[in-house]
Amino acid sequence: MDRSNHHKVQPYLLTHSLLPENQETPIQFIKTDIIDNKLFYRRNHFSYPTLSYSNYWLPINGIVLTPLRLSMQDILQLPSKTIQVVLECSGDKRDLFEPKVFGEQWGKGAISQGYWKGVPLRTLLELSGIRKGAKEIVVEGYDFGERTDLNKVFTYSRSLPIEKALHPDTIIAYEYNHQPIPFKHGYPLRLIVPQWYAMASVKWIKQISVIDSNFTGPFQTIDYVFYPNKENNKDAFPVTTINVNSTIQKPLDMEVLNTGKHLIKGIAWTGNGFITKLEISVDGGSTWLNAKLEPTKDSSYGWQSWSYEWTISKKGEYMIMSKATDSYGRFQPSIPFWNKKGYGYNAIDKIKVKVE
């Protein structure tokens, strides 16, 4: 068999829907900590917007001292920073919930990361000046469409509390991996909110508004809310900080292996602090062993790669599990926090393999 072209085989995004486009990163085949934009997962509520790049302005308005209209040139001249950030869709792993929940049935690949460069949102807000009584910062995108539940047209808009908006690492990004942000990921400007699920990182920014109340847009108060009760909306609370989580990338689920040595590898991440421990079980959770945490070049807000060398001589079926713990003592539960819209799945990851 001719394998001369074998090294040229490349993974592709896994398509969930076309209109709007929702595609998943083939996370089990990713061998680097930096995701090329072509393999970065795509999550949209609406069709892609139509923008005029030649006449792009960013308004900052609301209860500010000086309303602004900034050109791209204005923004590019401001002090910038580059940070490595993992973006995870809050619906990542939704298809693992039991009982099943409605919504995009994401597997384990609604997550990607890389380097984002931009201007701290704080810098822009300081230029405009925030008036006393300001409560939230609303960021509106150019993408819009009709919602099935409300039969009205909405733009995609989200708000941040003042303290999160003023965090020095909440940035208005214009580059991804040292190139202009690709159009499908928010060009020319995208909000990047480290540590929070990616619904907060609004793409194709249309305007930024400072308000003195709680924003009540549907992507804030209907979607991206945890509803723990199946029958009603009691005890609902907003989706914000990423849960501690991990994913086994290798071996593949239901893979058939030979006896001998095998590398179990994967990634772990959290929205608070950093990963301090990754445990592996190869006997369905009866015993746990510490995996090796790989050295990281950048510890800001990226995931933690890990590996474990498994020597197996006995044939049979095995359940391999991974459990991450972060610096705040949070760890993956054995049972996920079930909620009606299927957000924040972070139960202990598990796969099955057969050894022959």
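Which residues of helix α2 are buried? Hold that thought for a moment while I introduce the structure. Hello everyone, and thanks for coming. What you see above is a predicted model, so please keep that in mind throughout.

Back to the helix. α2 covers residues 121-128, and its buried residues are Leu121, Thr123, Leu124, Leu125 and Ser128. As a reminder, an α-helix has 3.6 residues a turn, so residues three or four places apart point the same way. With that in mind, have a look at Leu121, Leu124, Leu125 and Ser128, which are among the buried residues of this helix. Right after α2 comes Gly129, and its phi is positive, near 80 degrees.

Let me zoom out now. The chain holds four helices and 23 strands. Its radius of gyration is 21 Å, close to the 21 Å that the globule rule gives for 356 residues, so the chain is as compact as a globular protein of that length. If you want to set up a box, the C-alpha atoms fill one of roughly 70 × 55 × 40 Å along the principal axes.

How much of the chain is buried? Of the 356 residues, 51% are. The exposed surface comes to about 17300 Å², and carbon and sulfur atoms supply 53% of that area. For those of you who think in contact maps: take the contacts between residues at least 6 apart in sequence, and 72% of them join residues at least 24 apart.

On to charges. There are 42 positive and 35 negative side chains, and the centres of these two sets lie 1 Å apart.

A word on annotation. UniProt, in an unreviewed entry, lists residues 45-217 as "domain: Oxidoreductase molybdopterin-binding". In the model, that span is 10% helix and 38% strand, and its end C-alpha atoms lie 14 Å apart.

Next, the backbone, which I know some of you like to check before anything else. Where are the cis peptide bonds I want to show you? One joins Leu19 and Pro20, with omega about 0 degrees. Pro20 sits in the loop that runs between β1 (14-17) and β2 (22-24). Another joins Lys250 and Pro251, again with omega about 0 degrees. Pro251 is found in the loop between β15 (245-250) and β16 (255-257).

Then there are positive phi values in residues other than glycine. Gln195 has phi near 80 degrees, and its place is in the loop from β11 (190-192) to β12 (205-211). Asp235 has phi near 65 degrees, in the loop between β13 (225-226) and β14 (237-238). Are these two residues buried or exposed? Gln195 is partly exposed, with a relative accessible area of 23%. Asp235 is exposed, at 51%, and the cut-off for that word is over 50%.

Now for two glycines in loops. Gly186 lies between β10 (179-180) and β11. At 0% relative accessibility, Gly186 counts as buried. What does Gly186 touch, once we leave aside its neighbours within four places in sequence? The answer is Ile181, Lys203 and Trp204. Ile205 is 19 residues away from Gly186 in sequence, and their C-alpha atoms are 7.6 Å apart.

The other glycine is Gly344, in the loop between β22 (316-326) and β23 (349-355). Gly344 is buried too, with a relative accessible area of 5%. With neighbours within four places set aside, Gly344 is in contact with Ser90, Tyr197, Phe226 and Asn243. Pro333 is 11 residues from Gly344 along the chain, and 12 Å separate their C-alpha atoms.

That list leads us to Asn243, so let me finish there. Asn243 lies in the loop between β14 and β15. Which residues does Asn243 contact, again beyond four places in sequence? They are Tyr197, Trp269, Thr270, Arg330, Gly344 and Asn346. Tyr197 therefore appears in the contact lists of Gly344 and Asn243, where contact means heavy atoms within 4.5 Å. Finally, Asn243 and Phe331 are 88 residues apart in sequence, with 8.7 Å between their C-alpha atoms.

That is my tour. Thanks for listening, and I am happy to take questions.

Technical notes: Residues are numbered from 1 along each chain as its sequence is written. Side-chain values use heavy atoms; hydrogens and water are left out. The radius of gyration is taken over C-alpha atoms; the globule rule is 2.2 Å times the number of residues to the power 0.38. Buried means under 20% relative accessible area, exposed over 50%, partly exposed in between (1.4 Å probe, protein chains only). Accessible areas come from the Shrake-Rupley method with a 1.4 Å probe; for residues, only the protein chains shown count as cover. Lys and Arg count as positive and Asp and Glu as negative; His and the chain ends are not counted. The place of a charge is taken as NZ of Lys, CZ of Arg, CG of Asp or CD of Glu. UniProt positions are given in the numbering used here, feature names are shortened, and annotations may be inferred rather than shown by experiment.
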